[in-house]
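Okay, thanks everyone, I'll keep this short. Let me put the model up, and then we'll walk through it together.

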Amino acid sequence: MQYMSFQPSGARLFAVKIDDYTNGEMKGRIDHIRLPGEKRFLSSFHLLSLIQELLDTGNCPGATPIRSLPALYEAKGKTATFQLEILFTQSQSWQGKLSWIEEKREATFRSVLELLMILDEALAL
């Protein structure tokens with residue numbers, strides 16, 4: 001029998017705040033309802049690692065939200081701010097939706113590689 005686990009609303013929502021985008025590499029901050037404050041990332045790989053870590057701890061006992069969803073978007077990125085929603089995790093990858101807050105644009109992705117390509121395309125504009 002397979003058991004379902006329920007996660008709090010917003011458990012798979014991330015605020016990705018890009019402060020610098022130079023030579024195809026992004027730096028910025030990530031925010032999530034289970035973080036006490038923003039966490040800095042220094043590369044695309046670092047960003048993905050932080051997200052995966054939060055996804056992995058999502059079903060752990062005691063992984064309760066410590067902040068509300070609106071608090072995630074109080075500060076914006078210097079270059080861009082995105083809302084990342086992971087809808088599914090299948091085949092060792094993510095599927096979901098990326099919303100660019102400032103431009104009011106939205107895209108769906110079927111893999112982590114596609115997510116990175118969408119981010120790169122948006123930031124290169």
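So, let's start with strand 1, residues 13–22. Eight of its 10 residues are buried, so this strand is largely enclosed by the rest of the structure. Before I go on: this is a predicted model, so please keep that in mind throughout.

Who are the neighbours of strand 1? On the pairing side there's strand 2, residues 25–31, running antiparallel to strand 1 over seven bridges. The two of them make a hairpin with two residues in between, and Asn-23 in that turn has a positive phi, about 55°. If you want a register marker, look at Thr-22, which stands opposite Glu-25 in strand 2.

Strand 1 also pairs with strand 4, residues 80–90, again antiparallel, through six bridges. There, Ala-15 has Gln-83 of strand 4 as its bridge partner.

Let me zoom out for a second. The protein chain has two helices and six strands, and reading from the N terminus you get β-β-β-α-β-β-β-α. It's 125 residues, with 41% of them counted as buried. If you take the contacts between residues at least 6 apart in sequence, 46% of those join residues at least 24 apart. And the accessible surface is about 7,600 Å², with 55% of that belonging to carbon and sulfur atoms.

Now, the core. As a rule, in soluble globular proteins nonpolar side chains tend to be buried together. Here the largest nonpolar core has 27 residues, and the ones with the most contacts inside it are Phe-82, Leu-84 and Trp-94. Which elements feed into that core with at least two residues each? You've got strands 1 and 2, helix 1 at 44–56, strand 4, strand 5 at 93–100, and helix 2 at 112–123. Helix 1 gives the most, with six residues.

Click on Phe-82 if you have the viewer open. Leaving out residues up to four places away in sequence, Phe-82 touches a whole list, including Phe-14, Ala-15, Val-16 and Ile-18. The list also takes in Tyr-73, Leu-98 and Trp-100, and then Leu-119, Ala-122 and Leu-123.

On to the other hairpin I wanted to show. Strand 5 and strand 6, which is 105–109, run antiparallel with five bridges joining them. In this hairpin there are four residues between the strands, and Lys-104 in the turn has a positive phi of about 55°. Trp-100 has Arg-105 in strand 6 as its bridge partner.

Right after that, have a look at Ser-111, in the loop between strand 6 and helix 2. Is Ser-111 buried or partly exposed? Its relative accessibility is 23%, and buried would need under 20%, so Ser-111 counts as partly exposed. The side chain of Ser-111 reaches the backbone nitrogen of Glu-114 at 3.1 Å. Setting aside residues up to four places away in sequence, Ser-111 touches Ser-93 and Trp-94. Then there's Gln-95, which is 16 residues from Ser-111 in sequence but 5.6 Å away in space, C-alpha to C-alpha.

Last thing, confidence. The chain averages a pLDDT of 87, and 86% of residues score at least 70. The stretch to watch is residues 1–6, where pLDDT stays under 50 and the model has one contact beyond four places in sequence.

That's what I have, happy to rotate things around if anyone wants another view.

Terms used: Residues are numbered from 1 along each chain as its sequence is written. This is a predicted model: local features need pLDDT of at least 70, side-chain atom pairs count only at pLDDT 80 or more; totals for chains, interfaces and linings use all residues. Side-chain values use heavy atoms; hydrogens and water are left out. Buried means under 20% relative accessible area, exposed over 50%, partly exposed in between (1.4 Å probe, protein chains only). Contact means heavy atoms within 4.5 Å. Accessible areas come from the Shrake-Rupley method with a 1.4 Å probe; for residues, only the protein chains shown count as cover. Two strands pair if DSSP finds at least two bridges between them. A nonpolar core is a set of buried Ala, Val, Leu, Ile, Met, Phe, Trp, Tyr and Cys residues joined through side-chain atoms within 4.5 Å. A polar contact is a pair of N or O atoms within 3.5 Å; within protein, one must be able to donate a hydrogen and the other to accept it, and residues adjacent in sequence count only if both atoms are side-chain atoms. pLDDT is the predictor's confidence in each residue, from 0 to 100.
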